[in-house]
Amino acid sequence: MWNVTDWQQVVFSDECRFVLGTDDNCVRVWRRPDERYNSPHTVLRHTARTAAVMVWGGIAYDSRSTLIVMSGTLTGQRFVDDILRPHVGPFLNGLAGAVFQQDNARPHTARVAQDFLRHFQTLP
């Protein structure tokens with residue numbers, strides 16, 4: 001069983017997309033089955049791509065990584081080249097006993113990313 005000291009070694013990481021407008025092209029509707037095509041539940045929406053920015057960051061108990069702005073689609077190779085090699089590796093090497101955590105998104109589980117992370121302790 002992990003204790004507080006164990007959790008203090010974990011570096012939590014994630015990326016997030018921030019929409020720079022009011023429409024993220026996602027429509028969320030809660031309705032009953034008989035209300036499916038009821039006009040009050042129908043919304044016209046803008047369908048063009050919206051401006052957004054994707055960022056990656058990592059935090060540990062008493063430190064944080066640089067916030068990295070990413071453009072384009074994140075692939076496994078881009079994750080290694082743009083995030084892991086230049087930022088995560090040096091960040092983890094600077095923290096004694098660090099354990100890296102990531103959320104198993106597709107770029108994180110790509111073979112190239114997993115090969116790179118074999119050099120570091122990671123949460124299963």
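User: Which residue of β2 is the bridge partner of Phe12, and how should I read such a pairing?

Analyst: Two strands count as paired if DSSP finds at least two bridges between them, and strands themselves are DSSP runs of E with at least two residues, just as helices are runs of H or I with at least four residues, both numbered from the N terminus. In this predicted model, local features need pLDDT of at least 70 and side-chain atom pairs count only at pLDDT 80 or more, whereas totals for chains, interfaces and linings use all residues. Residues are numbered from 1 along each chain as its sequence is written, and side-chain values use heavy atoms, with hydrogens and water left out. Here, the partner of Phe12 in β2 is Ile59, and the strands concerned, β1 (residues 10-19) and β2 (residues 52-59), run antiparallel and are joined by eight bridges.

User: How many bridges join β2 to β3?

Analyst: In a regular strand the side chains alternate between the two faces of the sheet. Strands β2 and β3 (residues 68-70) are joined by three bridges and run antiparallel, and one pairing to look for in the structure is that of Met54 with Met70 in β3.

User: Where do these strands fall in the order of elements along the protein chain?

Analyst: Along the sequence, the pattern reads α-β-β-β-α-β-α-α, which comprises four helices and four strands. For contacts, meaning heavy atoms within 4.5 Å, it helps to look at sequence separation: among those with a separation of 6 or more in the protein chain, 64% link residues 24 or more positions apart.

User: Which residues form the nonpolar patch on the surface?

Analyst: A patch is made of residues with over 30% relative accessible area and no salt bridge, where like charges are joined within 9 Å and nonpolar side chains (Val, Leu, Ile, Met, Phe, Trp, Tyr) within 5 Å; the areas come from the Shrake-Rupley method with a 1.4 Å probe, and for residues only the protein chains shown count as cover. In this case, Trp2, Trp7, Phe12 and Ile59 make up a nonpolar patch with about 420 Å² of accessible area together, so the bridge partners Phe12 and Ile59 appear here again. Trp7 sits in helix α1 (residues 4-7) and has 42% relative accessibility, which means that Trp7 is partly exposed, a class lying between buried (under 20% relative accessible area) and exposed (over 50%), with a 1.4 Å probe and protein chains only.

User: How much of the whole protein chain counts as buried?

Analyst: Of its 124 residues, 27% count as buried, while the accessible surface of the protein chain is about 9,100 Å², with 53% belonging to carbon and sulfur atoms.

User: How many salt bridges does the structure hold, and how do I read them?

Analyst: Side chains of opposite charge can pair when their charged atoms come close. With a salt bridge taken as a side-chain nitrogen of Lys or Arg within 4 Å of a carboxyl oxygen of Asp or Glu, the structure holds three. In one of them, the closest N and O atoms of Arg78 and Asp82 are 3.1 Å apart; because these residues are four apart in helix α2 (residues 76-93), about one helical turn separates them. Arg85 and Asp81, also joined by a salt bridge at 3.1 Å, N to O, both lie in helix α2, four residues apart. A further salt bridge joins Asp115 to Arg118 at 2.3 Å, N to O; Asp115 is partly exposed at 33% relative accessible area, whereas Arg118 is exposed at 62%.
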